[in-house]
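Work through these short exercises with the model open. Try each task before reading its solution.

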Amino acid sequence: MSDTTVTTEQPARTALSDEVARRRTFAIISHPDAGKTTLTEKLLLFGGAINLAGQVKAKGERRNTRSDWMKIERERGISVVTSVMTFEFEGLVFNLLDTPGHEDFSEDTYRTLTAVDSAVMVIDAAKGIEARTRKLFEVCRLRDIPIITFINKMDRESRDTFDLLDEIEKTLALDTTPMTWPVGRGRDFIGTYDVRDGGVRLLEGGGAKTGAAQQIAISELGKLNANLDIGQITDELELVKEACKPFELDAFREGHLTPVYFGSALRNFGVGDLLEGLGRYAPSPRAQESNLRKVDAAEPRMSAFVFKIQANMDPNHRDRIAFARLCSGKLNRGMKAKLVRTGKTMPLSSPQFFFAQDRSVADEAFAGDVVGIPNHGSLRIGDTLTEGEDLTFVGVPSFAPEIVRRVRLTDAMKAKKLKEALQQMSEEGVVQVFRPRDGAPALVGVVGPLQLDVLKARLDAEYSLPVEFEVSEFSLARWISCDDKKKLEAFIASNNSGVADDVDGDPVFLAKNEFYLGYTKERAEGIVFSNVKDVK
Ligand code: GDP
């Protein structure tokens, strides 16, 4: 018997690369009430995490028993936490990162989107693109995150389907490819037509996860519902085939094209198609940019970045949980990691791995997964952990606040302490702090009001600093920069009372309103006003 040498051009498949390839880490972006919670429940049902379905909203209840979770969260019965839900379906591992959306909307919602490889955009069929969806989409676009669209609530009166697609294309500058097409509308919605293979999946009985699309001739659909206008349906489907762009994987992966699915999360209809689309088209963990090089997910050495910090409100237990996304390799419980910012080594003795059911202690996690790392304040947002290499991941930017407030101390003697505390809170990413150049008291900026409540509670609990927030004359903040340093200095000098320093000492222009901002921009040639600041 002779030796045979097998040569291959492909990178060798390893256990690690197989684990990476079967992961899909994603988030749902939507406007409140579009159906994110309902869809989340149904997705988890597919993954077999049935005991959680119906409970996603009852977070307050579930967590009452967890003494280590935030007090505010317990009181309000909402989640301050960007929770991570992991479920398996057909051999794939899905990590769904929750994006806080209602009262708990915050900068964490934006930051979470820096830790995913794709996003599902849920749109209410009666409403189309709404403000919050648009904003979250813009954050996704910063990193060209591929978007899969789910048009929800098709069981109710909806807007014209072509109009909805047109709106996505025009307002988001995103091409659309309908993968399914609704048959009938509102009360007469009977299911969806599969644009690729021509089958019809029926709402009644066909919506379950095993319900395959049936090959029903369009002309036969009238038998199912006499109200359907078969001529119109035929014309519509002709138009879909002729006028809509075919699906192109590359365009989707680059963030230029979105496949569109129609359904009803409430009726668990279309959710299976969506999940199948995620599995088939959404990318597995992507290579991540660092200051030194691109880091491939299947590289054997572990690397991760922190995108969220959850602080414990209990004054006796000031521990924190840092949520880290693994960018490469495999994390084992007990391994040591280098915190690149400080150069120090830290043991990862009890990382928490997130299963749909609960938090639990992890033994191992792979690139694309999210782990919770308990610490006492050593980890910050944007921190990189590696197995020794001195690289730093880029990609957890700061976002311009939507609410700006002045902090008022009830005890003026504690001004110095407040300054230190605010510095700490802004380094942790609780709020952004802006120090006006003219020496006026500090301003804090947030994207959601809950962040102010968290700041107030933490200043009180951790620093014994009772504070109030006052409406300030400013409502908008933009980072300013210019290639010509002198020009920037001249701008700052002539707008001194409207310029502040952020936590890193970078200049920020504060404006009373959009009109004033626009007015100033027009007259400040060469100055760039940005609503995002990338981490250096
Ligand atoms: P979220 O705010 O985006 O998390 O939205 P929810 O999932 O809480 O849904 C908001 C409301 O819309 C709830 O009353 C849901 O029952 C309802 N809803 C969600 N999906 C559907 C759907 O497909 N059809 C109908 N008719 N109602 C839905």
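**Exercise 1. A helix pair**

Task: In this predicted model, work out how helix 12 and helix 13 cross, and which residues make the contact.

Solution.
- Start with handedness. The crossing of helix 12 past helix 13 is right-handed.
- Now list the contact. Helix 12 supplies K417, A421 and M425. Helix 13 supplies L455, R458, L459 and Y463.
- Sort these residues by character. Five are nonpolar, two are charged, and none is polar.
- Turn to the geometry. Helix 12 covers residues 415-427 and helix 13 covers residues 450-463. They pack at an angle of about 120 degrees, and their axes are 11 Å apart.
- Classify the angle. Helix 12 is therefore oblique to helix 13.

**Exercise 2. Around the ligand**

Task: Describe the residues that surround the ligand.

Solution.
- Count the shell. There are 15 residues around the ligand.
- Pick out the nearest. These are G35, T37, T38, S264 and L266.
- Ask which element gives the largest share. Helix 2 (residues 36-46) does, with three residues.
- Split the shell by character. Six residues are polar, five charged and four nonpolar.

**Exercise 3. A loop residue**

Task: Is I190 buried or exposed? Place it in the chain and list its contacts.

Solution.
- Locate the residue. I190 lies in the loop between strand 7 (180-183) and strand 8 (191-194).
- Apply the cut-off. A residue is buried if 20 or more other C-beta atoms lie within 10 Å of its own. I190 has 21, so I190 is buried.
- Find the partners. Setting aside neighbours within four places in sequence, I190 contacts V183, G184, L202, L203, L224 and N225.
- Compare with Q288. I190 and Q288 are 98 residues apart in sequence, and their C-alpha atoms are 43 Å apart in space.

**Exercise 4. Positive phi**

Task: What is the phi of D144, and what is that of A173? Then judge the exposure of D144 and of A173.

Solution.
- Recall the background. Most residues other than glycine have a negative phi.
- Take D144. Its phi is positive, about 50 degrees, although D144 is not a glycine. D144 sits in the loop between helix 6 (131-142) and strand 5 (147-152). D144 has 12 other C-beta atoms within 10 Å, so D144 is exposed.
- Take A173. Its phi is also positive, about 50 degrees, and A173 is not a glycine. A173 sits in the loop between helix 7 (161-172) and strand 6 (175-178). With 10 other C-beta atoms within 10 Å, A173 is exposed.

Key: Residues are numbered from 1 along each chain as its sequence is written. This is a predicted model: local features need pLDDT of at least 70, side-chain atom pairs count only at pLDDT 80 or more; totals for chains, interfaces and linings use all residues. Axes are lines fitted to C-alpha atoms, for helices over the stretch in contact, and angles run from 0 to 180 degrees between N-to-C directions. Helices (H or I, at least four residues) and strands (E, at least two) are DSSP runs, numbered from the N terminus. Angles under 35 degrees count as roughly parallel, over 145 as roughly antiparallel, 65 to 115 as roughly perpendicular and the rest as oblique. A crossing is left-handed if the near helix is turned anticlockwise from the far one by less than a right angle, and right-handed if clockwise. Two residues are in contact if their C-beta atoms, placed from the backbone, lie within 7 Å. Ala, Val, Leu, Ile, Met, Phe, Trp, Tyr, Cys and Pro count as nonpolar, Asp, Glu, Lys and Arg as charged, and the others, Gly among them, as polar. A residue is near a molecule or strand if its C-beta atom, placed from the backbone, lies within 6 Å of it.
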